[in-house]
Each structure stands twice: as structure tokens, then as C-alpha cells.
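Subject: Structure for you to look at, with notes

Dear colleague,

Here is the structure I promised to pass on, together with its sequence. Please open it alongside this message, since the notes that follow go through it element by element.

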Amino acid sequence: MTAPKPPPESSNPRLQAVLGHEFFAPHQWKRRIALWSGAVLVALAAIVFAKASTWAYQLFLRILAHGVWIPLILTPLVFGLLSWATEGRLRAARGSGIPQAIATLHVEDEGFRARMLALPVAVSKMAMTLLALCVGASIGREGPTVHVGAGLFYSLGRRFGFTDAKAISRFILAGGAAGIAAAFNTPLAGVIFAIEELAGTFEHRFSGLLLTAVFVGGVVSLGIMGNYSYFGEVQTDLPLGHAWLAVLLCGVICGLLGGLFARLILLSRRGPLALLGRLRSRNPVLFATGCGLALAVIGVLSHGSVYGTGYDQARAFVQEAATTPGESFGIAKLAANVVSYWAGIPGGIFSPALAVGAGLGHNIAHFLPHAPAAAVVLLGMSAYLSGVTGAPLTSAVIAMELTDNQAMVIPIMAACLLARAAASIFSPTPVYKDFAERMVRDFEQQQAMRAAAAAPPPATGATSAYAEPAMPADAATEKPEP
């Protein structure tokens, strides 16, 4: 028998070694093209969403000009409508969207991921967030942009043939990072957010592709929107000395209030807030309608300053504008954020949290006449966001990138760390992680119930292990928290 001939050797072994490198592998280029395409799509979606959000809020202001009483009727009706619309298949469109992205990173079940990240959910999330802004909801677009980014990357990854659960997890992570980077035009914050908030870890193998995806999205945003800072350039610093008392005050006060806000919107299943949670579960549409009415009442009492994302008000405080919303804005906006989130409608908390923090920082600045007011506002803004999200590093980077200010790096970091420690008194688990854990727990309970329903009935009859009549899985399934 003739031995097989060995393959011919290349005339250039060095070239063969280079071409055989993993960089030139077809599957790696397939992954890169999918990620880069996704980054472009997310950046474009974020830009359109940002423009549409501004238009939606401007429409609300035109409606408000016809009468301050109009939100008392319009806002509750639309809140109820949005709650009704998200009762069925679009339930995953409720709330911020960041917990949904986190939950899908921890649950590798394909059905669960499809329910949370399907393109219809992403599209409806954007549409319903815009509708909520049209009636003055105190919500942000950044969380929904993360949800949309994760959904786009998830769908694109599957379209390119990446069906492995681990591979899809990386696409979801990159999509969420690209979403936050495009929403704020802050590429570095997108990377930090992915590490600190979404995944909690950093995969070395995937770090380069993640960074590249965020970079591509940033270039697209930069090319279309230009090189701008979200709140404009803020030239301020905090001199060493007694002015650093601002770090302590902002860190503790804003952190405590941020943790309180997180505890309020969580509607824990035990304690005094459990009653509100049960009321919402029993009649979510009526509850959302009541939340819309409460927001409208707060809006009337605050002369309309608490509606919308709070971007204009926060910018006025940071830039030390001649006209600002007033001394009570921080607390009033906090209350507006709470009732808007309680309603369970689509919408995030990033921008409204920045506005609350800016208002609180403005209040604290009155007690520190020797500290630059803009610096104290910046500290309050970043500290409150850190208290709400439980992500001090992300909050610090976002605050610095939003204002193009590097002189405040150390004070901001110190305030964010203090705020996270203070917030843990009310909210030991970061709010996004807590919501995500509830979604995962509800999914596991549903799976266990379905498995029990599919099991053969016991010999004694159609009863459960506790001698109760067996229930169908669908009837016994609890609705997950938004």
C-alpha cells in the first residue's frame, strides 16, 4: 500500500506562520464584523433615540403651555395605557432595561433571553419611552438605550450564527456597553459600566473586542453629533483645605438619599413597602394611573420643573446659569422619579438621578460659601448617582466625561466611594443587581413549576406534596417584577 504524500511545504514558512495566526482566522473576522456592525447600529439607534426624546419633551412643553392642569388628566391616562400595554408579551419592556441585560448574562436559557432581548421588545421599549416623555414622565433614555443595545447585539450575534450561550453573553455585554457609551457620548464610561455594573468581571479574551465595539460606536456618534460634552465644559476645581468638607457632605447626604431612592423603587416584598408592591401586582393599570396623577400633582406644585429627564435643570445648576429651578428641585425631582418608576412604565433613572444630584449639590453649596458652587454641584451629581446605582467607578467616570473635567478626579472619586458606603445602609444590594436577581429567581421558580407539572402524578391522586390540589404552571406562576 502506498503511503500518503505529505502536504507540500510553503516556499515561505514565515508567511505561512503569519497567515495561520488567530488574527486571520475566518471565525474571528466573522465575530469582529458582527460586533462592529452592531456598534454602528447601536450608535445610530442611540442618536435617533436622543433626538426623538428631545422632540417628545418639547412636545410636552408645548402641551403644558396650554394649561398647567392638562397633565392632571393626560399623564395618568397614558401611564395607565403604558402599564396595560406591557402586561403581556411586552412585559420585558418595563422599567430601565439594565436589569434585563444583567439577568440575561446570568441565565443562559435561550427562551429567557429571547423574551428579554427580542427586537420587538427593543423597538417597543423606545416607542413607549418616547410616549411617556410626551406626557412628562420623569424618566431617562439611557437605561432603555442599554436594553436596545443588548437586544441589537443579541439578535445580530444569532444572525451571524453565534448560538453558543457563552458567545451570546459576550455579545450582550458588548451591546450594553455600546449603549451606555452612545447614550452619553462617553466611551470610557461604557467600558467601565460593562465591567462594574453589567458583568462584574472582565474577560481578558474578550477585552479587545469589547473595547473595539465601544470605540466604533463612539466614532459613529462623534462623526454625527460632533465632539461635545453632555453638560458642556465645566471649568472648576476644589482647592485643598476646608472646601473638601464638600466631599464629605455630598458623599454622605447624597449617598443616603440615593440609597433611599433605590430602596423605595425596589418595593421590597417585606416591610412597609410590601403593601405598595401587592397593590401594584393586583391592579397594575390602576396603580400606574395613580402614579401618573401623583406625578402631575408634584409637577403643578413645582411649577413644572420635575417633568422629563431633568437634563435642562441639571445643566443650569452645573453651568451656574442665572435662572435655576429653585431650592426644592432636588427633593421634588426625587419624588417625581419614585412615582414614575413605581408606575412600571418603560424608562430609565440615569438622567433623572443626575438631575436630583445636581439639585442636592446646589443646596449643599449654600452651606459652603468658600467652595466653588459648580464643583459642589458636580460632587452632588456624581455622589447621588453612585448611591442610586451602587457603581462608584461608573458614576465618577460618567460625571467627569459629561463635563469634560479632569481637575475633579480625586474629589469625585472620594465622594462616590463615600456615597456607595452611605447608600448601603438603605440598599445593600445595588438596585440594578437586585432587580436582575428577582428576574432570575422568578424564572427559576417558573422552570421548577413547569418541571413539577410535567412530572407523573403521585399515586395518591392529583395533589401536590403538601396535599393541596395541583395547579397548572401558568396559573401558579408569579409575575416578575418590572
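Helix 11 and helix 15 are roughly parallel to each other, and I begin with this pair, bearing in mind throughout that what you have in front of you is a predicted model. The axes of helix 11 (residues 245–266) and helix 15 (residues 329–342) come within 9 Å and cross at roughly 25°, which falls under the 35 degrees that counts as roughly parallel. The crossing of helix 11 with helix 15 is right-handed. On the side of helix 11 the contact is made by Leu 257, Phe 261, Leu 264 and Ile 265, while helix 15 contributes Ile 331, Leu 334, Asn 337, Val 338, Tyr 341 and Trp 342. Sorted by character, the residues of this contact between helix 11 and helix 15 are nine nonpolar, one polar and no charged.

Helix 11 also packs against helix 20 (residues 431–454), at an angle of about 20° and with the axes 10 Å apart. That angle makes helix 11 roughly parallel to helix 20, and the crossing of these two helices is right-handed. Here Ala 262, Ile 265 and Leu 266 of helix 11 meet Val 431, Asp 434, Phe 435 and Arg 438 of helix 20. The contact of helix 11 with helix 20 divides into five nonpolar residues, no polar ones and two charged ones. Ile 265 of helix 11 takes part in the contact with helix 15 and also in the contact with helix 20.

A further pair is made up of helix 6 (residues 119–134) and helix 7 (residues 142–159), whose axes come within 9 Å and cross at roughly 160°. Helix 6 is therefore roughly antiparallel to helix 7, and their crossing is left-handed. Leu 119, Val 121, Ala 122, Lys 125, Met 126 and Thr 129 of helix 6 meet Pro 144, His 147, Val 148, Gly 151, Leu 152 and Ser 155 of helix 7. In the contact of helix 6 with helix 7, seven residues are nonpolar, four are polar and one is charged.

As for the protein as a whole, it has 21 helices and zero strands. Of its 482 residues, 54% are buried. If one takes the contacts between residues at least 6 apart in sequence, 80% of them join residues at least 24 apart.

Turning to the interior, the largest nonpolar core has 122 residues, and within it Phe 350, Leu 379, Tyr 384 and Ile 412 touch the most other members. The largest share of this core, 10 residues, comes from helix 17 (residues 373–389). Apart from this core lies another one, of 12 residues, which includes Leu 35, Val 42, Phe 162 and Ala 178. Which residues does Tyr 384 touch, not counting residues up to four places away in sequence? They are Cys 254, Leu 257, Gly 258, Phe 261, Leu 334, Ala 353, Val 356, Gly 357 and Leu 360. Among these, Leu 257, Phe 261 and Leu 334 belong to the contact between helix 11 and helix 15 described above.

The last region I would point out runs from helix 13 to helix 14. Gly 299 lies in helix 13 (residues 284–301) and, at 1% relative accessibility, counts as buried. Leaving aside neighbours within four places in sequence, Gly 299 is in contact with Gly 304, Val 306 and Tyr 307. Gly 299 and Ala 336 are 37 residues apart in sequence, and their C-alpha atoms are 8.0 Å apart in space.

His 303 is placed in the loop between helix 13 and helix 14, and although it is not a glycine, it has a positive phi of about 60°. Is His 303 buried or exposed? Its relative accessibility is 76%, so His 303 counts as exposed.

Gln 313, by contrast, lies in helix 14 (residues 311–318) and is buried, with a relative accessible area of 11%. Apart from neighbours within four places in sequence, Gln 313 is in contact with Tyr 57, Ser 305, Tyr 307, Pro 325 and Phe 329. Tyr 307 is thus a contact of Gln 313 and also of Gly 299.

With best wishes

Definitions and conventions:
Residues are numbered from 1 along each chain as its sequence is written. This is a predicted model: local features need pLDDT of at least 70, side-chain atom pairs count only at pLDDT 80 or more; totals for chains, interfaces and linings use all residues. Side-chain values use heavy atoms; hydrogens and water are left out. A nonpolar core is a set of buried Ala, Val, Leu, Ile, Met, Phe, Trp, Tyr and Cys residues joined through side-chain atoms within 4.5 Å. Buried means under 20% relative accessible area, exposed over 50%, partly exposed in between (1.4 Å probe, protein chains only). Helices (H or I, at least four residues) and strands (E, at least two) are DSSP runs, numbered from the N terminus. Contact means heavy atoms within 4.5 Å. Axes are lines fitted to C-alpha atoms, for helices over the stretch in contact, and angles run from 0 to 180 degrees between N-to-C directions. Angles under 35 degrees count as roughly parallel, over 145 as roughly antiparallel, 65 to 115 as roughly perpendicular and the rest as oblique. A crossing is left-handed if the near helix is turned anticlockwise from the far one by less than a right angle, and right-handed if clockwise. Ala, Val, Leu, Ile, Met, Phe, Trp, Tyr, Cys and Pro count as nonpolar, Asp, Glu, Lys and Arg as charged, and the others, Gly among them, as polar.
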